[in-house]
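Visitor: Please take a close look at the ligand site for me. Then place it in the rest of the chain.

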Amino acid sequence: MLNIVIAESALERVPKTIWRHPSVIARAKSLGKEPSELLLDRSYHHSAMNTLPKAEKRGRPDIVHMCLLNALETPLNREGGLRVYVHTWDDMLITISPIVRLPRNYNRFVGLIEQLYQKGAVPSKGETLLKIRVETLQGLLRHLESSVVITLSVLGQTSTVEKVVKPLKHLHNPTLMIGGFPRGHFSEDTILLSDRVQAIDPEGFDAWIVVSRLIYEFEKQSGFPSKRWERWGKR
Ligand SMILES: C[S@@+](CC[C@H](N)C(=O)[O-])C[C@H]1O[C@@H](n2cnc3c(N)ncnc32)[C@H](O)[C@@H]1O
């Protein structure tokens with residue numbers, strides 16, 4: 001089983017300090033919601049965000065959306081070989097059932113996550129697909145009991161996707177951590193929780209590119225493409 005943690009993600013509800021900002025009020029009115037119910041989104045709250053600390057790492061729910069679509073729609077996930085977790089920059093943790101089918105449409109995804117923040121779990125009836133709770137990255141990693149935690153960062157030790165992923169297929173429950181933020185770097189606390197910090201290229205990429213490359217490499221290294229044909233009785 002491979003664990004992917006989208007860590008320090010730029011996902012949160014609009015903080016109280018900017019509830020009364022005109023851009024927040026206007027957005028809330030247009031959606032018929034309270035400012036407190038909205039997800040912080042730089043596309044709509046850019047001017048309000050100027051007053052927030054660490055603003056460059058916040059207000060990008062689209063990054064989480066793209067990462068999740070890229071991870072959950074893979075053959076590895078369909079075969080039950082993947083668990084994906086979203087840790088947010090303010091220490092909330094979203095746990096995700098591998099069978100969830102997330103909305104492809106961004107606005108619908110935002111609506112779903114706003115509902116998740118309100119109710120704590122969705123759907124409220126039947127099998128839970130998404131859950132949210134307060135949890136530190138340290139708490140999550142303790143629970144995962146991974147044999148290795150590798151953090152991906154452009155500041156890490158020089159490597160390639162292949163070299164990072166190759167040893168993982170022999171290890172129990174490995175974890176890969178990718179930053180769910182647009183700019184800046186992991187906090188020192190996150191780095192200290194990692195066994196290794198590795199760079200897969202001299203240039204930085206969007207988080208979802210890194211997620212999909214890591215998963216595809218893991219599938220290749222584990223022989224997934226042919227195993228799937230065999231299982232489907234076509235080879
Ligand atoms: C948009 S980047 C965050 C910005 C940061 N300056 C960077 O490039 O690492 C989002 C995440 O993708 C991963 N990432 C992007 N480029 C990478 C690279 N060349 N090597 C390793 N990880 C990378 C990291 O986990 C990073 O936190």
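Guide: A strand here is a DSSP run of E with at least two residues, and strands are numbered from the N terminus. With that in hand, β6 supplies the largest share of the shell around the ligand, three residues. Keep in mind that the model is predicted.

Start with the elements that build the site. β6 spans residues 149–158. β7 (175–179), β8 (196–199) and α9 (207–221) join β6 in the shell, and each of these four elements supplies at least two residues. So much for the frame; now the residues themselves.

The ligand has 19 residues around it. Five of them come nearest: Leu-152, Ile-200, Asp-201, Glu-203 and Phe-205. Leu-152 falls within the 149–158 range of β6. By class, nonpolar residues number 11 in the shell. Six shell residues are polar, and two are charged.

Next, the polar atoms. Glu-203 offers a polar backbone atom at 2.7 Å from a nitrogen atom of the ligand. Ile-200 also uses its backbone: a polar atom there is 3.0 Å from a ligand nitrogen. Glu-203 and Ile-200 are both among the residues that come nearest to the ligand. On the oxygen side, Gly-179 places a polar backbone atom 3.0 Å from an oxygen atom of the ligand. On its own, the ligand has 520 Å² of accessible area, and the protein covers 92% of that. The space that the ligand takes is the largest pocket. Residue 179 is also where β7 ends.

Now step back along the chain. Just before β7 comes the loop from α7 (161–165), and His-172 is found there. His-172 counts as exposed because its relative accessibility, 57%, is over 50%. The C-alpha atoms of His-172 and Glu-145 are 8.9 Å apart, with their positions 27 residues apart in sequence.

A longer span starts from Gly-156, within the range of β6. Its C-alpha atom is separated by 33 Å from that of Arg-101, and the two residues are 55 apart along the chain. Arg-101 sits in the loop that runs between β3 (92–96) and α5 (106–119). With a relative accessible area of 62%, Arg-101 is exposed. Pro-98 and Glu-79 give a shorter distance to note: 9.5 Å from C-alpha to C-alpha, with 19 residues of sequence separation. Glu-79 lies between α4 (75–78) and β2 (82–88), in the loop. At 26% relative accessibility, Glu-79 is partly exposed.

Turn to the backbone. The peptide bond from Val-122 to Pro-123 is cis, with omega near -10°. Pro-123 is placed in the loop between β4 (121–122) and β5 (130–134). Two residues other than glycine have positive phi. For Glu-8 the value is near 55°. For Lys-54 it is near 50°. Their settings are as follows. Glu-8 belongs to strand β1, residues 2–9, whereas Lys-54 is in the loop between α2 (42–49) and α3 (61–72).

Glu-8 is buried because its relative accessible area, 6%, is under 20%. Glu-12 is buried too, at 3%. Glu-12 is found in the loop that links β1 and α1 (22–31). The side chain of Glu-12 makes a polar contact with the side chain of Arg-58, at 2.8 Å.

Back to the site, then. Backbone atoms of Glu-203, Ile-200 and Gly-179 lie opposite polar ligand atoms. Around them stands a shell with 11 nonpolar residues, and β6 gives the largest share of that shell.

Key:
Residues are numbered from 1 along each chain as its sequence is written. This is a predicted model: local features need pLDDT of at least 70, side-chain atom pairs count only at pLDDT 80 or more; totals for chains, interfaces and linings use all residues. Side-chain values use heavy atoms; hydrogens and water are left out. Buried means under 20% relative accessible area, exposed over 50%, partly exposed in between (1.4 Å probe, protein chains only). A residue is near a molecule or strand if one of its heavy atoms lies within 4 Å of it. A polar contact is a pair of N or O atoms within 3.5 Å; within protein, one must be able to donate a hydrogen and the other to accept it, and residues adjacent in sequence count only if both atoms are side-chain atoms. Accessible areas come from the Shrake-Rupley method with a 1.4 Å probe; for residues, only the protein chains shown count as cover. On a 1 Å grid over the protein atoms alone, a cavity is a set of points where a 1.4 Å probe fits but cannot get out, and a pocket is an open set with protein on both sides within 12 Å along at least five of seven lines; lining residues have an atom within 4 Å of a point. A molecule sits in a cavity or pocket if more than half of its atoms lie within 2 Å of its grid points. Ala, Val, Leu, Ile, Met, Phe, Trp, Tyr, Cys and Pro count as nonpolar, Asp, Glu, Lys and Arg as charged, and the others, Gly among them, as polar.
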